[in-house]
Amino acid sequence: MKQPELEFAFEIRVDVDRWIPIGRSADEDLTFTPITGGTVAGPMLTGTVLPYGGDWAVERSRTSQLEARYLLRADDGAVIDILNRGYFRASEEVVARLVAGENVPEEEYYFRTAPVFQTDAPAHRWLAEHQFVGLARDEDGQVCVRVFVVR
């Protein structure tokens with residue numbers, strides 16, 4: 001049986017504002033984190049993260065289910081919609097270190113995503129025709145997602 005192969009496509013470095021608590025119940029927390037900009041760089045795509053959109057997170061038992069939606073602008077001017085769902089899980093100690101601004105090694109927590117892209121730009125149509133996996137981390141106040149195409 002064929003095993004999937006991952007090929008590095010690009011890294012998205014997302015600037016975020018302070019999260020906003022929304023609340024939901026005693027068993028879970030709902031928050032929203034505004035996305036304020038950022039960059040995209042790699043062998044398959046370069047550009048910027050536009051300051052529109054955000055990340056909704058529902059936390060249950062120290063695991064957050066994430067759903068981020070925002071826009072990218074490629075260097076050629078094409079606009080690309082991204083819906084990035086995933087999971088974040090860490091010990092209370094690691095979360096405290098991240099909140100304090102420490103660059104915690106990504107091996108100390110679980111932060112994985114599955115981005116889906118939409119665009120009508122012919123040069124970037126391949127993004128809407130492939131499956132992707134993201135390995136994410138918090139670094140220097142940004143959310144950084146290394147995006148791999150599944151071959």
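Contact, as the word is used on this tour, means heavy atoms within 4.5 Å. With that in mind, start from the whole chain: in the protein, residues 24 or more positions apart account for 50% of the contacts with a separation of 6 or more. What you have open is a predicted model, in which local features need pLDDT of at least 70 and side-chain atom pairs count only at pLDDT 80 or more, while totals for chains, interfaces and linings use all residues. Residues are numbered from 1 along each chain as its sequence is written, and side-chain values use heavy atoms, with hydrogens and water left out.

**The whole protein**

Show the protein as a cartoon and you should find 1 helix and 9 strands, where helices (H or I, at least four residues) and strands (E, at least two) are DSSP runs numbered from the N terminus. Followed along the sequence, these elements come in the pattern β-β-β-β-β-β-α-β-β-β. The radius of gyration, taken over C-alpha atoms, is 16 Å, close to the 15 Å that the globule rule gives for 151 residues, so the protein is as compact as a globular protein of that length (the rule is 2.2 Å times the number of residues to the power 0.38). If you rotate the C-alpha trace onto its principal axes, it spans about 45 × 40 × 30 Å.

Now switch to a surface view. The accessible surface comes to about 8500 Å², of which 53% belongs to carbon and sulfur atoms; such areas come from the Shrake-Rupley method with a 1.4 Å probe, and for residues only the protein chains shown count as cover. Of the 151 residues, 42% count as buried, where buried means under 20% relative accessible area, exposed over 50%, and partly exposed in between (1.4 Å probe, protein chains only).

**The largest pocket**

Select Trp-19, Thr-33, Phe-88, Val-99 and Asp-138 together, and you will have marked the residues that lie nearest the centre of the largest pocket, among the 44 that line it. On a 1 Å grid over the protein atoms alone, a cavity is a set of points where a 1.4 Å probe fits but cannot get out, whereas a pocket is an open set with protein on both sides within 12 Å along at least five of seven lines, and lining residues have an atom within 4 Å of a point. The volume of this pocket is about 1200 Å³, a volume being the space filled by probe spheres set on the points, with grid points joined across faces, edges and corners. Colour the lining by class and you will see 20 nonpolar, 12 polar and 12 charged residues; here Ala, Val, Leu, Ile, Met, Phe, Trp, Tyr, Cys and Pro count as nonpolar, Asp, Glu, Lys and Arg as charged, and the others, Gly among them, as polar.

**From β4 into β5**

Next select Ser-61, which sits in the loop between β4 (47-60) and β5 and has a phi near 50°, a positive value in a residue other than glycine. At 72% relative accessibility, Ser-61 counts as exposed. Arg-62 lies in the loop between β4 and β5, with a phi near 65°, again a positive value in a residue other than glycine, and Arg-62 is partly exposed at a relative accessible area of 46%. Move on to Ser-64, in strand β5 (residues 63-74), and you reach a buried residue with a relative accessible area of 11%. Setting aside residues up to four places away in sequence, Ser-64 touches Val-58, Glu-59, Gly-86, Tyr-87 and Phe-88.

**Strands β1 and β8**

Which residues does Asp-15 meet beyond its neighbours within four places in sequence? Select Asp-15 in strand β1, and you will find it in contact with Pro-34, Ile-35, Thr-36, Gly-37, Gly-38 and Gln-142. The C-alpha atoms of Asp-15 and Gln-142 are 127 residues apart along the chain but separated by 5.0 Å. Asp-15 counts as partly exposed, at 28% relative accessibility.

For the last stop, go to Leu-135 in strand β8 (residues 132-139), which is partly exposed at 23% relative accessibility. Leaving aside neighbours within four places in sequence, Leu-135 is in contact with Phe-111, Arg-112, Cys-144, Val-145, Arg-146 and Phe-148. Draw a distance from Leu-135 to Ile-80, 55 residues apart along the chain, and their C-alpha atoms are separated by 20 Å.
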